[in-house]
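Here is a friendly walk through one protein and the ligand it holds. Have a look at the sequence and the model first, and then read on.

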Amino acid sequence: MSITMEELRKQFHEQLQQANAADAFEELRVRYLGKKGEVTGLLKQMGAIAPEMRKDYGAKVNALKEEVESSIKKRIEEAHAKELEMKIAATERYDLSLPSTLSEGSYHPITLVQREVEQIFASMGFTIEDYDEIVDDYHCFEALNIPKHHPARDMQDTYYLSNGQLLKTHTSAAQNAIMKKYGAPLRAIFPGRCFRNESTDACHENTFFQMEGIMIDENISISNLIYFMKTMLSEVFQRDVKVRLRPGFFPFVEPGFELDISCAICGGKGCPSCKNSGWLELCPCGMIHPNVLKAGGIDTDKYTGFAFGLGLTRLAMMKYGIKDIRDLNSGNLKSLDQFVK
Ligand code: PHE
């Protein structure tokens, strides 16, 4: 009997080796473990086994059963992982090793994404503002409810110039000037290059792009914020994007949130790109803190507003499947033509 079992095990592994699709795995499972399956058949023969051999026989059949089960499960998992890898590879249109076929230059992927988002917000009545890269402490921090020595400054370590000015760490640095320039009601976006003293890796750079947006008017609430973000992201990704808000702390918003979008690669089921959560963190945002509105000369009895700080670099990486953030500043974008629309 044990020879038959050995043969069966061998036969199973040979067949499993050849199977490579979901239905083939299921077929094997039924063939061996189903009601009329081969291993089930061995279990059914138990009664015919001499009583003193039964224990040993039962243990062997059960071990075989477990082996069949776990081997099929392992192959299914391997096949899933492979399928996912192929899917991710297929969404990647970006390959640095391709030679360029362009005879002239083209736009940088961040410029392309920036323009696209600008157009969407312009169509919703937002003005597009430009702002300095070198700013002072007041605009970058103090006007944003981040006094000197506030621990929140630790998150945004930056480069100071000898005259006391600094390279702006976030586009929020323009909020105060823009509020003072236009007053309320106000709808504005302001893209810009930001700098932080970071050690760099595939996900971190000391120079990156953000796009800030603010909307100030009577009766502005979180629902307005969600509506504008959802509309903009659905346009950018050309599909209905689900969003969710989690609490997030920034001294210049109250309440503050982190906005996540459903992962485009797995459709929200969970995959390596979204660390199996089904969500990707995209954009911090919140209701503008009254202290910030006041510093900008806005009447807080009459007006409220929301602000968001969209990571443009991050958005470009997601949109074009760029895995290493450093490629964007490397001057080595040999294949810019891959982004030409
Ligand atoms: N300026 C913040 C940052 O860069 C992001 C942010 C912008 C958060 C607007 C809330 C509102 O970390």
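## The protein as a whole

Of the 341 residues in this protein, 44% are buried. Please keep in mind that you are looking at a predicted model. Ten helices and nine strands make up its secondary structure. Along the principal axes, the C-alpha atoms take up a box of roughly 95 × 55 × 40 Å. The radius of gyration is 29 Å, whereas a compact globule of 341 residues would come out near 20 Å. About 18,400 Å² of the protein surface is accessible, and carbon and sulfur atoms account for 52% of that area. Contacts across the sequence can be looked at too: among those between residues at least 6 apart, 67% link residues at least 24 apart.

## Around the ligand

Which residues come nearest to the ligand? Out of the 14 residues around it, they are His170, Ser172, Arg196, Gln210 and Gly309. For three of these side chains, the distance from one of their N or O atoms to a ligand atom is listed here.

| Side chain | Ligand atom | Distance |
|---|---|---|
| His170 | nitrogen | 2.9 Å |
| Ser172 | nitrogen | 2.8 Å |
| Gln210 | oxygen | 2.9 Å |

On its own the ligand would expose 320 Å², and the protein buries 95% of that area. Sorted by class, the shell around the ligand holds seven nonpolar, five polar and two charged residues. Strands β5 (207-217), β8 (279-288) and β9 (304-311) each contribute at least two residues to this shell. The biggest share comes from β9, which provides three residues.

## Helix α7 and its partners

Helix α7 spans residues 175-182, and its buried residues are Gln175, Asn176, Ile178 and Met179. What do these buried residues pack against? Their partners are α6 (137-140), β4, β5, β8, α9 (290-295) and β9. That list includes β5, β8 and β9, the strands that each supply at least two residues of the ligand shell. Just after α7 comes Gly183, with a positive phi near 65°.

## Two loop residues

Two residues in loops are worth a visit, beginning with His289.

His289 sits in the loop that connects β8 with α9. Is His289 buried or exposed? Its relative accessibility is 18%, so His289 counts as buried, the cut-off for that class being under 20%. A polar atom of the His289 side chain lies 3.0 Å from the backbone nitrogen of Asn291. Setting aside residues up to four places away in sequence, His289 touches Asn145, Pro251, Phe252, Val253 and Glu254.

Asn197 belongs to another loop, the one between β4 (186-195) and β5. Because its relative accessibility is 40%, Asn197 is classed as partly exposed; that class lies between 20% and 50%. Which residues does Asn197 contact, if its neighbours within four places in sequence are left aside? They are Asp157, Thr158 and Tyr159. In addition, the C-alpha atoms of Asn197 and Met155 are 9.8 Å apart in space, while 42 residues separate the pair in sequence.

Definitions and conventions:
Residues numbered from 1 in each chain as written. Predicted model: local features only at pLDDT ≥ 70, side-chain atom pairs only at ≥ 80, totals over all residues. Heavy atoms only, no water. Near = heavy atom within 4 Å. Polar contact = N/O pair within 3.5 Å; in protein donor to acceptor, adjacent residues only side chain to side chain. Areas by Shrake-Rupley, 256 points an atom, 1.4 Å probe, with all protein chains shown as cover. Helix = DSSP H or I, 4+ residues; strand = E, 2+ residues; numbered from the N terminus. Nonpolar A, V, L, I, M, F, W, Y, C, P; charged D, E, K, R; others polar. Rg over C-alpha atoms; globule rule 2.2 N^0.38 Å. Buried < 20%, exposed > 50% of the residue type's maximum accessible area, 1.4 Å probe, protein only. Contact = heavy atoms within 4.5 Å.
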